[in-house]
Amino acid sequence: MDEALNSPMFAVFTVVLVLETLKTLFLGTATAYSRLAPKQFLNQEDADWLGGKAVTVGHPTTARLMRAHRNNIENLLPFFIFGCLYVVSGASAMAGMIYFVAFLIARSAHTFAYLTKRPMLRRNMYSMAWLAILATGGQAAFAILRGAL
Amino acid sequence: MDEALNSPMFAVFTVVLVLETLKTLFLGTATAYSRLAPKQFLNQEDADWLGGKAVTVGHPTTARLMRAHRNNIENLLPFFIFGCLYVVSGASAMAGMIYFVAFLIARSAHTFAYLTKRPMLRRNMYSMAWLAILATGGQAAFAILRGAL
Amino acid sequence: MDEALNSPMFAVFTVVLVLETLKTLFLGTATAYSRLAPKQFLNQEDADWLGGKAVTVGHPTTARLMRAHRNNIENLLPFFIFGCLYVVSGASAMAGMIYFVAFLIARSAHTFAYLTKRPMLRRNMYSMAWLAILATGGQAAFAILRGAL
């Protein structure tokens with residue numbers, strides 16, 4: 001276990017997690033900030049405080065940032081779960097680093113494509129990240145269960 | 001720690017996490033796919049690309065898959081947090097395996113009930129998974145804090 | 001690693017995770033319960049079963065609980081990821097405990113502010129928790145990458 005945490009693979013896992021988690025945090029904050037200019041808020045007390053009105057969805061930019069944020073959460077959780085299993089599984093460090101970097105590239109490009117309205121790139125990067133998550137989980141489960149049986 | 005990761009309990013935890021995370025991933029993908037046939041998309045650029053129109057909620061099947069997906073995320077995160085604490089807590093392996101399997105059964109049946117519109121089964125399975133999460137977290141916290149004090 | 005898991009810092013991390021995860025779970029359940037009195041449900045089969053009607057958003061109380069719940073999920077995941085990295089990073093235990101407790105205080109006050117409609121307190125506590133998450137992740141990444149290089 002201590003070896004796994006002092007490996008280059010764990011350093012790569014850390015970098016990917018930090019960048020993807022920061023992106024998720026900033027998308028959440030950007031969603032909130034984007035409500036200020038059009039003065040469209042989710043809560044009546046915010047509208048009363050800052051001047052404006054309470055809405056259900058909000059400005060198209062707000063709605064887009066919110067969808068990109070939600071999509072980040074929905075993919076970051078599976079990646080984190082499978083990545084943790086991978087790190088402790090004893091599976092190939094080289095394969096792990098490839099999966100983690102592929103996830104980072106695909107998810108960075110996915111957010112770029114979401115915010116710049118490029119649907120084909122968004123779909124392809126969603127799929128690439130999806131495959132990287134699946135490969136991470138599959139190989140981790142195989143290594144853990146082979147060791148346990 | 002290394003013992004905990006080579007135990008049958010960790011193998012059971014791995015299987016439960018893999019199945020529940022895969023279910024969550026597939027529900028997310030199914031939500032996206034379900035937009036194709038009715039041609040109702042969340043983004044205007046998707047509607048322009050694939051033909052169709054941009055909507056806020058979408059077809060009832062899409063909305064149902066999205067709710068089932070969201071419910072999975074909302075329960076998978078607490079289970080993963082408490083499960084990780086449990087694995088490192090040194091608490092009873094037998095109890096842990098029972099909680100983890102109860103969670104898996106309840107959440108599998110919950111998704112089945114959601115997609116096949118069985119509200120009583122859905123409520124009961126939601127409650128069963130909720131209790132399994134609570135038991136996991138409570139016993140883990142007890143063991144960790146008893147060891148620390 | 002075993003030292004890290006037997007430290008006072010890990011006990012503090014456990015307490016913070018248990019309280020925040022329980023709050024998240026209870027907000028989810030409160031959202032569901034809040035649909036009973038106004039008889040406004042997300043699913044047609046629930047409306048048929050319990051009497052009432054199916055709606056997209058629901059009663060203002062339900063919508064508020066749901067937003068508070070969602071905000072909890074969106075912050076608990078980044079905190080858990082960065083907190084796990086921190087625990088294994090070997091970074092200062094004292095700093096870690098300060099960040100974790102700051103997160104707990106800020107997020108508890110955030111939920112209080114959300115449910116009692118205090119927008120300034122809510123914004124300030126959101127920002128304080130955000131900074132605590134950032135400090136946790138930044139210091140963890142620094143310690144891990146310094147050890148790996």
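# Exercises on a predicted three-chain model

Chain C and chain A together bury about 2,600 Å², and carbon and sulfur atoms account for 77% of that area. Keep in mind that this is a predicted model. The exercises below start from this interface and then turn to the symmetry and the helix packing.

## Exercise 1: The interface of chains C and A

Find how many residues each chain brings to the contact of chain C with chain A, and which residues of chain C lose the most area.

*Solution.* Begin with the residues in contact: chain C gives 29 and chain A gives 27. Next, look at the side of chain C. L77(C), I81(C) and W130(C) lose the most area to chain A, and together they make up 20% of what that side buries. Keep W130(C) in mind, since α6(C) brings this residue to its meeting with α2(A).

## Exercise 2: A helix pair across the interface

Determine how helix α2 of chain A and helix α6 of chain C are arranged, and which classes of residue they bring together.

*Solution.* First, locate the helices: α2(A) covers residues 8-33 and α6(C) covers residues 119-148. Their axes come within 10 Å and cross at roughly 165°. Angles over 145 degrees count as roughly antiparallel, so α2(A) is roughly antiparallel to α6(C). The crossing of this pair is left-handed.

Now turn to the side chains. From α2(A), the residues involved include F10(A), V18(A), L22(A) and F26(A). Among their counterparts in α6(C) are Y126(C), W130(C), I133(C) and L145(C). Sorted by class, the contact of α2(A) with α6(C) holds 15 nonpolar and 4 polar residues, with no charged ones.

## Exercise 3: The interface of chains B and A

Describe the contact of chain B with chain A by its residues and its buried area.

*Solution.* Count first: 27 residues come from chain B and 29 from chain A. The area buried between the two chains is about 2,500 Å², with carbon and sulfur atoms giving 77%. On the side of chain B, L25(B), E45(B) and W49(B) supply 23% of the area buried against chain A, more than any other three residues.

## Exercise 4: How the copies are related

Work out which symmetry relates chain B to chain A, and compare the surfaces through which the copies meet.

*Solution.* Lay chain B on chain A: a turn of 120° with a shift of 0.0 Å along the axis gives an RMSD of 0.0 Å. That is the relation of a three-fold axis. Then compare the interface residues. Only 11% of those in chain B are also interface residues in chain A, so the copies meet through different surfaces.

Repeat the step with chain C, which is laid on chain A by a turn of 120° and a shift of 0.0 Å along the axis, with an RMSD of 0.0 Å. Here 10% of the contact residues of chain C recur in chain A, and the copies again use different surfaces.

## Exercise 5: Two helix pairs within chains

Characterise the packing of α2(B) with α4(B), and of α5(C) with α6(C).

*Solution.* Take chain B first. Helix α2 (residues 8-33) and helix α4 (residues 60-89) pack at an angle of about 160°, with axes 9 Å apart. That makes α2(B) roughly antiparallel to α4(B). Their crossing is left-handed, and their contact has 17 nonpolar, 8 polar and 2 charged residues.

Next comes chain C. Helix α5 (residues 93-115) packs with α6(C) at about 155°, the axes being 8 Å apart. The two helices are therefore roughly antiparallel to each other. α5(C) passes α6(C) in a left-handed crossing, and the contact residues divide into 19 nonpolar, 3 polar and 2 charged.

Conventions. Residues numbered from 1 in each chain as written. Chains lettered and ligands numbered in written order. Predicted model: local features only at pLDDT ≥ 70, side-chain atom pairs only at ≥ 80, totals over all residues. Heavy atoms only, no water. Axes fitted to C-alpha atoms, helices over the stretch in contact; angles between N-to-C directions. Helix = DSSP H or I, 4+ residues; strand = E, 2+ residues; numbered from the N terminus. Parallel < 35°, antiparallel > 145°, perpendicular 65-115°, else oblique. Left-handed = near helix turned anticlockwise from the far one by under 90°. Contact = heavy atoms within 4.5 Å. Nonpolar A, V, L, I, M, F, W, Y, C, P; charged D, E, K, R; others polar. Least-squares fit on C-alpha atoms with pLDDT ≥ 70 in both. Buried area = accessible area lost by both parts, 1.4 Å probe.
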